[in-house]
Amino acid sequence: MSIALALHVLAIVIWVGGMFFAYTVLRPVAASILEPPQRLTVWAGVFGRFFPWVWASIIIVLASGYWMLLGPFGGFANAPVFVHIMNGLGLIMMLIFMHVYFAPYQKLRKAVAEQRWPDGGKALAQIRVLVGINTLIGLITIVIAAGGKYFL
């Protein structure tokens, strides 16, 4: 249980912490000092480095989360309400990420490679909105995880 919990928390820190940093720190700085071609190129590179970590985090979160759910909790029927909420929010986050990865991120990569800056800007704007939503869901999920047994 302790290994699963440690891996679970570490994966969440990497994923949600990375989104929080990118959204609240890197995005405003990049927007204020970089012209669109440089900004879009930077973001394509940042996502290219960050998204493999997100994929790894998703695998670890699913494996460790269901390991704990099916082991110590004895399955969904015995899990507290806050665990069900975390599971649901986590699955929503994963679906949002998969959409980002397979749709606007691929459009951004292609637009940058072909130097179609307006198309890249549209893709980046979509990513920004979805990452903002995912960051908020992630932070809410962390609050539920940390205090769920006391709140619910």
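These questions and answers walk through one predicted model.

Colleague: What rules apply to this model and its numbering?
Modeller: Residues are numbered from 1 along each chain as its sequence is written, and side-chain values use heavy atoms, with hydrogens and water left out. The model is predicted: local features need pLDDT of at least 70, totals for chains, interfaces and linings use all residues, and side-chain atom pairs count only at pLDDT 80 or more.

Colleague: Which helix gives the largest share of the largest nonpolar core?
Modeller: A nonpolar core is a set of buried Ala, Val, Leu, Ile, Met, Phe, Trp, Tyr and Cys residues joined through side-chain atoms within 4.5 Å. The largest one has 35 residues, and Trp15, Phe47, Phe51 and Leu108 have the most contacts inside it. Helix H1 (2-33), helix H2 (36-70), helix H3 (81-102), H4 and H5 each supply at least two; helices are DSSP runs (H or I, at least four residues), numbered from the N terminus. The largest share, 10 residues, comes from H2.

Colleague: How do the rings of Phe51 and Phe97 pair: stacked, tilted or edge-to-face?
Modeller: Rings of Phe, Tyr and Trp (its six-membered ring) pair if their centres lie within 6.5 Å; planes under 30 degrees apart are stacked, over 60 edge-to-face, the rest tilted. The structure holds 15 such pairs. In this one, the centres are 5.2 Å apart, with 85° between the planes. That makes the pair edge-to-face.

Colleague: Is Phe51 buried or exposed?
Modeller: Buried means under 20% relative accessible area, exposed over 50%, partly exposed in between (1.4 Å probe, protein chains only). Phe51 has a relative accessible area of 3%. Phe51 is therefore buried.

Colleague: Which residues of helix H1 does Thr135 contact?
Modeller: Thr135 is in helix H5 and is buried, at 6% relative accessibility. Contact means heavy atoms within 4.5 Å. Leaving aside neighbours within four places in sequence, Thr135 touches Met19, Phe20 and Tyr23.

Colleague: Where does the charged end of Arg27 sit?
Modeller: A charge sits over a ring if NZ of Lys or CZ of Arg is within 6 Å of the ring centre and within 35 degrees of the ring normal. For Arg27, the distance to the ring centre is 4.5 Å. The ring belongs to Tyr23.

Colleague: What is the phi of Gln115?
Modeller: Most residues other than glycine have a negative phi. Gln115 has a positive one. Gln115 lies in the loop between helix H4 (104-113) and helix H5 (117-151), and is exposed at 56% relative accessible area. Its phi is near 55°.
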